[in-house]
Amino acid sequence: MRNIFIITLIFSLALFSACDDAETFDVREDALIDYKVEINGEWSLHSIHRNGTDLSGHFNASALTLSISDGSFTLGSSTLPFPTLKTSGTPFASGNWSFDDDFKPTNIQFTNGSEIVPAGLSMPLFGKNNSSLGLQFSLGCGATTYVYHFKK
Amino acid sequence: MFITLKNKKMRKLNFNYKTFLVGFLALPLVFLFVTSCFDITDVTQPASARAGESISITVKVNYDSEDTDQNYRFLIFGMLAPKSWDLANNATVRFDSSINQSPDRPGSGNMILDPQDVSFWGNKSRGLDGEESGNSWTVDMNEILDIGENYGESEWVAFRSESPIDASQTSVDGTITVTLTVGEGHSGAQLGYWVGSHNDGFKQEDSIDSSTQDAKSRFWDTHFKNITITGAGATATDLTGPAPTFTAFINPEGYMFDDIITVRFDAKEGLDGGNTALYNVGAVNMNATVLLGDGTTIVKADRDAASSMTLVGNNIWEITLWPPGYFGVTAGNIITEIHLSFSNPDGSIIVRNPGYDTDIEFGANCQ
């Protein structure tokens with residue numbers, strides 16, 4: 001009887017001490033609540049990667065700006081590569097855009113009404129206050145992929 | 001003593017004279033009874049074929065035993081083709097003739113790929129001296145025979161009649177038929193054919209006058225013929241042209257002209273392994289002409305700052321650009337080809353495609 005009491009006491013202490021080690025985290029409010037992702041603003045190209053190789057130094061990347069407002073976009077240059085400027089289709093430097101999912105988007109698509117150009121999102125977006133925008137796409141050959149990193 | 005010696009000397013002289021005379025008179029008879037000859041009289045081969053297409057080639061051969069005993073002779077056949085065609089696994093060969101002297105040693109039948117097992121008597125190649133070389137037929141073909149007008153990347157593949165043939169005391173026109181699948185990788189090549197027998201192999205002796213093409217021996221014959229290959233891929237090379245150099249190439253490996261491309265120029269990659277004229281210069285510019293879908297061209301050869309290349313290695317220069325923006329291609333048009341040359345900043349030294357002296361041409365390469 002005495003042994004049973006001692007064993008029960010040991011297990012109880014072990015359980016209580018485990019509870020004492022619980023940690024706490026700070027979590028952004030918008031990570032818990034579904035906000036509609038918002039990317040409006042002026043974006044400047046920060047880096048260009050082709051198949052993982054950084055090509056940023058070969059271009060005046062900051063000259064490629066992407067102006068996004070509710071549902072529409074405008075490129076600041078048409079001489080720097082961007083998926084909507086492919087000559088194999090009808091190139092366009094402005095038009096409309098939309099996410100595949102307004103709350104948890106994985107793709108964005110640009111359109112001028114007749115052409116639809118999709119691009120993947122290479123980094124997750126928050127509901128608000130996004131400062132980075134990553135686009136992943138192919139320009140010509142599907143075997144070659146590009147990742148553009150825009151910053152505000 | 002003196003007389004004896006003289007007589008001995010005279011006797012020796014008389015003996016040599018007779019031997020020489022008998023030998024001289026018998027010489028044609030010796031050839032008559034120990035030689036036989038092969039002559040390729042014609043090759044029927046498509047002038048053009050598409051990569052992946054199955055084609056049939058007929059090699060016409062005149063054989064003359066020259067009234068000698070030529071029993072138990074294996075027929076040996078060799079074909080030269082681009083290595084990428086993998087003849088050993090993609091070709092079937094048979095021979096046909098009117099020889100029918102012995103059913104178990106027939107004058108027609110299939111030919112097998114050279115087994116390269118030189119422990120078997122029929123597989124033992126004989127070299128230029130007519131002696132067994134210790135090699136297989138395939139090995140000796142590639143060591144002894146040239147590869148025609150091809151710059152390289154070609155190989156001889158040997159085939160042997162399945163059974164020995166009784167071709168004694170006969171003169172006959174026969175055919176060797178090759179069926180193969182045309183491979184990719186080359187837009188043009190010169191195919192080659194060799195025919196002989198196991199007992200003489202590559203033994204050299206003057207060819208007969210009626211031989212049709214560059215025969216080097218009466219015991220065997222060769223024939224070469226060009227073929228054009230369509231649909232062989234964007235990177236296909238013409239084996240009958242100058243060997244390709246690596247003077248310039250484009251990264252990434254898969255690209256279209258809407259891609260960002262990196263043009264690399266290696267000043268060490270000139271003709272025949274030599275350096276180009278831009279070796280060790282201080283600066284290099286890219287001169288480019290693009291062909292557009294509407295048939296027009298845009299030239300950028302003014303050696304401006306935008307065309308200046310960056311030194312990235314030992315005499316290796318690069319420039320990275322987005323072609324539509326670099327050349328100012330207007331909406332509705334596309335680039336179909338880019339033609340490149342390289343120069344120093346004042347344009348006094350220009351490097352083009354070594355061996356051709358034309359611009360180095362690139363088309364889209366996306367597979």
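What pLDDT does chain B average, and what share of the residues score at least 70? In this predicted model, the average for chain B comes out at 85, with 87% of the residues scoring at least 70. That confidence is spread unevenly over the elements of chain B: strand β17 (residues 316-321) has the highest mean pLDDT, 98, while helix α1 (residues 2-34) has the lowest, just 39. Two stretches of chain B deserve a mention here. Residues 1-15 of chain B sit below a pLDDT of 50, and the model shows zero contacts for this stretch beyond near neighbours in sequence. Residues 17-34 of chain B are also below 50, with four contacts beyond near neighbours in sequence. Where pLDDT is low, the predicted coordinates shouldn't be read in detail.

Moving on to the strands, β3 of chain B (residues 54-64) pairs with β1 of chain B (residues 37-44), running antiparallel over seven bridges. Within that pairing, B:Asp39 is found opposite B:Asn62 of β3(B). β3(B) also pairs with strand β8 of chain B (residues 171-181), again in the antiparallel sense, this time over 11 bridges. Here B:Ile57 faces a partner in β8(B), standing opposite B:Val178.

As for how the chains meet, chain A puts 18 residues into the contact and chain B puts in 17. Sorted by class, the side of chain A that touches chain B is made up of eight nonpolar, eight polar and two charged residues. For the complex as a whole, the predictor gives an ipTM of 0.79 and a pTM of 0.60.

Key:
Residues are numbered from 1 along each chain as its sequence is written. Chains are lettered from A and ligands numbered from 1 in the order in which they are written. This is a predicted model: local features need pLDDT of at least 70, side-chain atom pairs count only at pLDDT 80 or more; totals for chains, interfaces and linings use all residues. Two strands pair if DSSP finds at least two bridges between them. Helices (H or I, at least four residues) and strands (E, at least two) are DSSP runs, numbered from the N terminus. Two residues are in contact if their C-beta atoms, placed from the backbone, lie within 7 Å. Ala, Val, Leu, Ile, Met, Phe, Trp, Tyr, Cys and Pro count as nonpolar, Asp, Glu, Lys and Arg as charged, and the others, Gly among them, as polar. pLDDT is the predictor's confidence in each residue, from 0 to 100.
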